[in-house]
Amino acid sequence: MLAHLLAASFQRQFNYSPLLVRAPGRVNLIGEHTDYNGGFVLPAAIDKEIYFAVGLNGTETVRLHSYDKDESYTATVGEMRRGNTLWANYLKGVVAQFQKRGVTVPGFDCVFGGTVPMGAGLSSSAAVECGLALALDALLGTNLSRLELARMAQLAEHEFAGVQCGIMDQFASLFGRPGHVVRLDCRSLEYEYFPFNTDSCHIVLCNSGVKHSLASSEYNLRRQECEQGVAVLRQHYPEVQSLRDATPEQLHRHRPEMSDVVYRRCLYVVQENLRVEAACQHLMDGDLAAFGRQMYASHAGLRDDYQVSCRELDVLVQIAQGIPGVYGARMMGGGFGGCTINLVDVAHLDSFTQHISEAYQRQVGIPLETYHTTIVGGVDVLEPVQKF
Ligand code: GLA
């Protein structure tokens, strides 16, 4: 098991026993780019995870080691600033959040690594942030709530990775529950779990192989465009604090007051929020076909109006749509690459994987990686390792 390898690596490098923590990546069934608009999302934590071995070292030095990259990074606790080593920024960003809350963070050692593919839209960065946040909370006895840890991890992403992300990814990593998806109201932060049985319907991720390099600049731009739309609506409807409060009719009525791009961005978000609510009802009714139709509509909106898809993702969704046993498919996460999420009937699983891999290779010329995922619990501390 990976956690044992990390613990052994930690022991070899630092010569004492660490605390072990597991932090999952996430999928999002529906509700994309709604979180920073105060809307709804429907994510789940998955069995693609990052593991951490962490211990306090009694000095003022922070020693970080990426097991997957086989790279180390050292700095003093007074030097938790954004730097050129990108992977270290996520970890330093978390430490800085503890410090901002007045917590004195002493020197510590950390070895981390895992199975969440990078840049695939499965929130590897949130898993890294949330895992260290929980590890430090446990080691320092700060006893912060999971919501507080999620907020700190989100701010680490804002301040040290430069992405003005919403709270979905960090929330999903910390609040995941085995066998359940969670609907989060990103404004009130109220949430509700819904059972999702992956025995009969599998969640299959298809990795387009395109890294979402455009993602952070375009992501921040989408946020601004949404805010521009809200500013227009608010002149007429002071109660509209975010797109969550807006209706398609309001948008339509004031369309001439905004640019076409801003209108389409806002329309997508308003419709996507309605889709999440409808999709949750379908889930409760056990109607996966209707749920899947909401997913296809979500993809169409992301492609045509929000414009965060790319050709490879569109091809994947189009292929999936024609394969028997597929309930629904769409791009997932920030966009511009990464994975599509597909809901596939178990009886058709093998034929689905074979068909989509062949068709993708033929049409795009990239070998397709697929991941069959199960839904797991959120970040947790693992039992102490007995022997390395
Ligand atoms: C990224 C962000 C999330 C969310 C999604 C899009 O994953 O980190 O906060 O906005 O994109 O739904």
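Biologist: In this predicted model, what makes a residue count as surrounding the ligand?

Modeller: One of its heavy atoms has to lie within 4 Å of the ligand. The residues around the ligand include Arg26, Glu32, His33, Asp35, Tyr36, Cys165, Gly166 and Met168. Asp169, Tyr219, Gly333 and Gly334 are also among them.

Biologist: Why is the pair between His33 and the ligand called a polar contact?

Modeller: The cut-off is 3.5 Å between N or O atoms. A backbone N or O atom of His33 sits 2.6 Å from a ligand oxygen, so the pair qualifies. Gly166 makes it too, with a backbone N or O atom 3.0 Å from an oxygen of the ligand. For Gly334, a polar backbone atom is 3.4 Å from a ligand oxygen, so that pair also counts.

Biologist: How much of the ligand's accessible area does the protein cover?

Modeller: 92% of the 310 Å² that the ligand has on its own.

Biologist: Over to the helices. Why is α8 called roughly antiparallel to α9?

Modeller: Their axes cross at roughly 170°, and angles over 145 degrees count as roughly antiparallel, so the label fits. The axes come within 9 Å.

Biologist: Which kinds of residue form that contact?

Modeller: There are 9 nonpolar, 4 polar and 4 charged ones. Among them, Arg264 and Tyr268 are in α8, while Phe291 and Gln294 are in α9.

Key. Residues are numbered from 1 along each chain as its sequence is written. This is a predicted model: local features need pLDDT of at least 70, side-chain atom pairs count only at pLDDT 80 or more; totals for chains, interfaces and linings use all residues. Side-chain values use heavy atoms; hydrogens and water are left out. Axes are lines fitted to C-alpha atoms, for helices over the stretch in contact, and angles run from 0 to 180 degrees between N-to-C directions. Helices (H or I, at least four residues) and strands (E, at least two) are DSSP runs, numbered from the N terminus. Angles under 35 degrees count as roughly parallel, over 145 as roughly antiparallel, 65 to 115 as roughly perpendicular and the rest as oblique. Contact means heavy atoms within 4.5 Å. Ala, Val, Leu, Ile, Met, Phe, Trp, Tyr, Cys and Pro count as nonpolar, Asp, Glu, Lys and Arg as charged, and the others, Gly among them, as polar. A polar contact is a pair of N or O atoms within 3.5 Å; within protein, one must be able to donate a hydrogen and the other to accept it, and residues adjacent in sequence count only if both atoms are side-chain atoms. Accessible areas come from the Shrake-Rupley method with a 1.4 Å probe; for residues, only the protein chains shown count as cover.
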